[in-house]
Amino acid sequence: MDNVDFSQPMRQSSKGILVIFGFNLFQFFKKFFVALLAIGFSLMRKKSLMGVTTTTISLFFVGLLIIILVVAILKYLNFKFHLTKNDFHLSRGIINKDNTIIPKSKIQNVYIKQNFLQQIINVVSVNIETAGDKKSEIEISALDRPTALLLKDKLFNKDSINLQQVDEQPIQPSQVYFKISMKRLLLAGLSQNHLRSFGIIAAFVIGLYYQFRDFIENLNLSDQVEDFITLDEAMIANLLLTNLIILFFVLLISVLFSIVKLIIVNFNLQVIEHQKTVEINKGLFNKVSLILTPSRIQNLIIKTNRVKRYFGLHTLYVKQTMVNQKQQKNFNIIALERPQVDYLIEKLIDNYSFNGERYKPRPYYMRILALRMLIFTSAINLLATLFFGYEALWANCIVIPIATLFVYISYKKAYYIISEDFVTLGSGFVDTVTNILEIHKVQAVKLRQSIFQKTSENCFCNHLYSVKIRDDSLRQRI
């Protein structure tokens, strides 16, 4: 296979039309999902909407699909890129033409991704990130993998190689250091925090209810339920049991949602060790390939909890500079054993050691936590009283012990170690969190002191310290 000539303006693969069409269609339905759902419900009840027949509405949607397809074709035809010795050139746009020139020296990362549609038609997307940008500057939606790998190589000024070599040995890894098994993937899913998923599902259901509240009220469900209960008084005695069963199923759905989501994101997770970098490959429907570069790493975060420690599971989060927020979520490696975590830390940052004298925050930190929990529980009590009456105050039998436990455990887990080259910070409540930061990469140090902290002449000892680095990837108090 001959070399691709990137010096001449070239388009993406013609399959890119399908990718652009699919993306635009998804964005359209995402933006107007609620409106389309409301139209669907209205059409189910009657065959017309505000005098417009179902046939007319169907023709409207067909015309809309044709417009989205035409826009995709025009975007494809007007998207051209090429390389010069020192720059990457891109022209795009339908009505307003946009010409972008990016010096190769400003390119920070080149990511190769492949979503479900791209897997079906056998293409990949290339994301090019530049210095100082919070999101990808350029995304080429459809290239065959050998061309994408060759373009990535050219952008980083590597020696020219042909596509046959790239196709046969696309990565040239030193070794596959870690590959997750399905057993450890399931254990990681079972042992994660499922409360977040419960909150997402609850918020989704409540949101749908408020969007379609009028429609639900028109069904007169409350009158039907009232009539049913009047006919069968025994149902009242079983109401509490029914609610508990519903709550159990909601929790079960939340757990399954968490597990399925984690499996989809981290499917076939591999950590490939190169000579100077570490590569992460993972994903089922949306495959990603990411490079961890030691010189660009701002801090490392290790998370675990009691259940995960029992199964020997640890998660390593890597915070890199100038990476967009969405992409940053993929910079984590789950289900690692403790020796594997230590090895990767040694690989990514030089000469780090957990040894050192641990310092606890001053007791005032516990009072800060207690004050926050007092404000939180007061707000919960106020809302519960307004919506459910004074009977809801019985919930304090659960809320207050949990709040007290939160203050105690959070203070117990809090510590810091300061050495010549590193700052190590410990925190957490359910999870045990360890933050590792290289001192020479600190962008700013902020000292804060509230009016309540000015209780003695030795104010320095009562300060709260906040360490911030670029993109707010670390905010911790000592």
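Which residue forms a salt bridge with Glu273, and how far apart are the closest N and O atoms? The partner is Lys347, with the closest N and O atoms 3.5 Å apart, where a salt bridge means a side-chain nitrogen of Lys or Arg within 4 Å of a carboxyl oxygen of Asp or Glu.

The model is predicted, so local features need pLDDT of at least 70 and side-chain atom pairs count only at pLDDT 80 or more, while totals for chains, interfaces and linings use all residues. Residues are numbered from 1 along each chain as its sequence is written, and side-chain values use heavy atoms, with hydrogens and water left out.

**Salt bridges**

Glu273 lies in strand 10 (residues 270-273) and Lys347 in helix 15, so their salt bridge ties together parts that are 74 residues apart in sequence; helices (H or I, at least four residues) and strands (E, at least two) are DSSP runs, numbered from the N terminus. Glu273 is buried at a relative accessible area of 9%, whereas Lys347 is partly exposed at 21%, given that buried means under 20% relative accessible area, exposed over 50%, and partly exposed in between (1.4 Å probe, protein chains only). The structure holds five salt bridges, among them the three in this table.

| Acidic residue | Basic residue | Closest N to O distance |
|---|---|---|
| Glu273 | Lys347 | 3.5 Å |
| Asp342 | Arg338 | 3.2 Å |
| Glu438 | Lys441 | 3.0 Å |

Asp342 and Arg338 both lie in helix 15, four residues apart, which is about one turn of the helix. Glu438 and Lys441 are both buried.

**Aromatic rings**

There are ten aromatic pairs in the structure, a pair being rings of Phe, Tyr and Trp (its six-membered ring) whose centres lie within 6.5 Å, with planes under 30 degrees apart counted as stacked, over 60 as edge-to-face and the rest as tilted. The pair of Tyr359 and Tyr416 is stacked, because the ring centres are 5.5 Å apart and the planes stand at 20°. Tyr359 lies in the loop between helix 15 (338-348) and helix 16 (364-388) and Tyr416 in strand 16 (residues 415-418), so this pair ties together parts that are 57 residues apart in sequence. Tyr416 is buried, with a relative accessible area of 17%, while Tyr359 is partly exposed at 36%. Phe406 and Phe429 form an edge-to-face pair, with 5.1 Å from centre to centre and 70° between the planes.
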